[in-house]
Number of protein chains: 2
Amino acid sequence: MELNERKMTILKAIVRNYLETGEPVGSRTISKFTDLNLSSATIRNEMADLEELGYIIQPHTSAGRIPSDLGYRIYVDAMMVEKTKEVEELKVSLLEKEERLDHLLKQTAKLLATNTNYASMVSAPSLHRNKLKLIQLSRVNDTQLLVVIVVEGNVIKNRLLDITEDINEETVLKLNILLNTHLNGLSIEEINLGMITNLKKQAGIHSDIVAEIIDEVAKAIHEEEDLEIYTSGANNIFKYPELADNKNASEIISNLEEKKALNELVVKTLSGDSDTGIQVYIGNESPVDTMKDCSIVTATYDLGDGMKGTIGIIGPKRMDYEKVVDNLKGVMKELDSIYKK
Amino acid sequence: MELNERKMTILKAIVRNYLETGEPVGSRTISKFTDLNLSSATIRNEMADLEELGYIIQPHTSAGRIPSDLGYRIYVDAMMVEKTKEVEELKVSLLEKEERLDHLLKQTAKLLATNTNYASMVSAPSLHRNKLKLIQLSRVNDTQLLVVIVVEGNVIKNRLLDITEDINEETVLKLNILLNTHLNGLSIEEINLGMITNLKKQAGIHSDIVAEIIDEVAKAIHEEEDLEIYTSGANNIFKYPELADNKNASEIISNLEEKKALNELVVKTLSGDSDTGIQVYIGNESPVDTMKDCSIVTATYDLGDGMKGTIGIIGPKRMDYEKVVDNLKGVMKELDSIYKK
DNA sequence: GTTAGCACTCATATTAATCGAGTGCTAACC
DNA sequence: GGTTAGCACTCGATTAATATGAGTGCTAAC
């Protein structure tokens, strides 16, 4: 037995219907819903086949059918038609130019949540392959030295170093020039041990401080490895009864708050690649154990210079995949264009 | 009829019991629970009085009594005994030294939530009265100028300015000196229009940029007015059935996520003053409309230099007020000592 | 292959019956 | 006077019994 065209049509109708209503769908409904002109009895036969093939499930004997994870998968992979019309307009108005990346990303998360009515997450771009743009040292007072590190993409990091040895303004200036001459334009990988030794040598009696500064540069860039993640719309999950029970809701909220699990998701999304950049995890496919009742759709955005991040939507398995995908695509595009401005 | 000592004892016993069990408490329970050696019938008479006085409520005819908001209030104001012993030890181990304030505050929120089993919030300190410690200008490239602003308390702000006129390194250095000589050590209020005019004059052809920089200084400090607020333990509310229903939970989660309402709470807490620094809002007393079923306990921490912030706990009305107050006090103390290190 | 028809299933809703914790009140007691 | 034993009463919660109806699977006929 194979999934012929008629079965496909029926499966598609079942999924569509279930996405809308959230109720198990029966044979009579499909009989009317499709233009196949088949009686409910015939549909019933086909549905029995579809169940045997594993695409749909009967919650209990006298109920209609709901899609299985596999059913959703087929739908998403082969039957879904993207809309790509109205969505685009929606966002443009909302994502304002915002010089601070973190504000922009928070806004993005909020926008996604509002537009889709699901929970959303946005990860700050990983700086992994980023180049150092500028190091700036300033003497704050006798005991503190401020190190400002700017990396490509205008991400700025600050470190306040406690200093023991006395360093005057001129020395700070010298060190500043030394470091910038040698390090600017280099990626973290390019700053190797040989270079560090060389720098330390040139710094003479201040080699300790230089070492400390380089350490801070590495830390500042590396620290982003435990990614900043912004979430929004957590309360949206209460709109979907299948997720709103205490156990589920508590776990999802906890995940959104803790962000540990989301981190995994980001890593997985960034490492995996699909041609469209969109990845869909349905139910058990989820990399996050406590979200087996959810579907997660993620996308990778790319601001150039290796600044990649993840945006994602978390909702019930019966989410409006078309809408979600469209929204994610739209936001990706939007982020792109804002950055290029 | 007045609230004599015996009535107080009974009321206290009712509140205590209800805090523990979450169930309406009956006369027989109190008869056994207290050392008054009174029969349940007598207790019943007293309870009828307490109800008439408005301190307790009968959910329905054949149920025991639960404290009213007023009952809780009396309890908190007059009957509560603080423990102050075991709690202190709990925290000390957990709040590690952390050079980044935001990390420390996030950690604090988490700690409070874990210790109390309620939701928690921690606001970043308001910088309102803070003094400028350092301005640092750096030329990033031909079109961008980096402005780093350090304020007392080592809070660091960055701004990236787009520049149109060409500015060389020497000019940047000069402006740097100019600004720092005049502005360092001043609070935002002390930087008045006369001074700004003077600075602009001295900057000559670069007065536009100076104006822009001062603008950024003001903005950087002011922006903190819409406070950064960290929350934790949102999922704890699911532990309390009276808050775990969809409507309540959704609203509370939404509040914790949006943070708008919490902001009000912070403002109110910072403006109000009590001798202990602790403020308790019970049910309807809450400044946040959507949290009428909760109690909120807040405290103000003070890192010196006018850096004040708010920490708070949000939980059911039948929260363990002693424990919460102790925890808040402990954390206040802890923040204090960490900062002084 | 398709369909009408019908017996069957089972979650959900409705109603009724029972239980029991806790009350209020009365009358007796100290 | 305050205190208490005793008892009828209330009412939410639990359980059981009963209906409802959406939807199925199967059979037999078209």
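Q: Which element gives the largest share of the surface near DNA strand D?
A: Happy to start here, with the note that this is a predicted model. Two elements give two or more residues to that surface, helix H3 (40-52) of chain A and helix H3 (40-52) of chain B. The largest share is four residues, and the element behind it is H3(B).

Q: Which residues come nearest to DNA strand D?
A: The protein places 21 residues around DNA strand D. Of the strand atoms that come within 4 Å of the protein, sugar and phosphate account for 74%. The residues that come nearest are Ser27(A), Arg6(B), Thr42(B), Thr61(B) and Ser62(B).

Q: How many Å separate a polar side-chain atom of Arg44(A) from a base nitrogen of DNA strand D?
A: Let's look at some phosphate contacts before the base. Ser27(A) has a polar side-chain atom 2.6 Å from a phosphate oxygen of DNA strand D, and for Thr61(B) an N or O atom in the side chain is 3.2 Å from a phosphate oxygen of this strand. Arg44(A) instead has a polar side-chain atom facing a base nitrogen of the strand, and the distance is 3.0 Å.

Q: How many polar residues does the surface near DNA strand D have?
A: Sorting the residues by class helps here. Four are nonpolar and four are charged. The polar count is 13.

Q: Which element gives the largest share of the surface near DNA strand C?
A: Let's turn to the other strand. Ser27(B) has a polar side-chain atom 2.6 Å from a phosphate oxygen of DNA strand C. The elements giving two or more residues to the surface near this strand are H3 of chain A and H3 of chain B. The largest share, four residues, comes from H3(A).

Q: What is the distance from a phosphate oxygen of DNA strand C to an N or O atom in the side chain of Arg6(A)?
A: Arg6(A) is among the closest of the 21 residues that surround DNA strand C, and Thr42(A) is listed with it. For Thr42(A), a side-chain N or O atom is 2.7 Å from a phosphate oxygen of the strand. For Arg6(A), the distance is 2.7 Å.

Q: Why does Lys7(B) count as buried?
A: Lys7(B) sits in helix H1 (residues 5-21) of chain B. Leaving out residues up to four places away in sequence, Lys7(B) touches Met1(B), Glu2(B), Glu46(B), Asp49(B), Leu50(B) and Leu53(B). Buried means under 20% relative accessible area. Lys7(B) counts as buried because its relative accessibility is 5%.

Notes:
Residues numbered from 1 in each chain as written. Chains lettered and ligands numbered in written order. Predicted model: local features only at pLDDT ≥ 70, side-chain atom pairs only at ≥ 80, totals over all residues. Heavy atoms only, no water. Buried < 20%, exposed > 50% of the residue type's maximum accessible area, 1.4 Å probe, protein only. Contact = heavy atoms within 4.5 Å. Near = heavy atom within 4 Å. Polar contact = N/O pair within 3.5 Å; in protein donor to acceptor, adjacent residues only side chain to side chain. Nonpolar A, V, L, I, M, F, W, Y, C, P; charged D, E, K, R; others polar.
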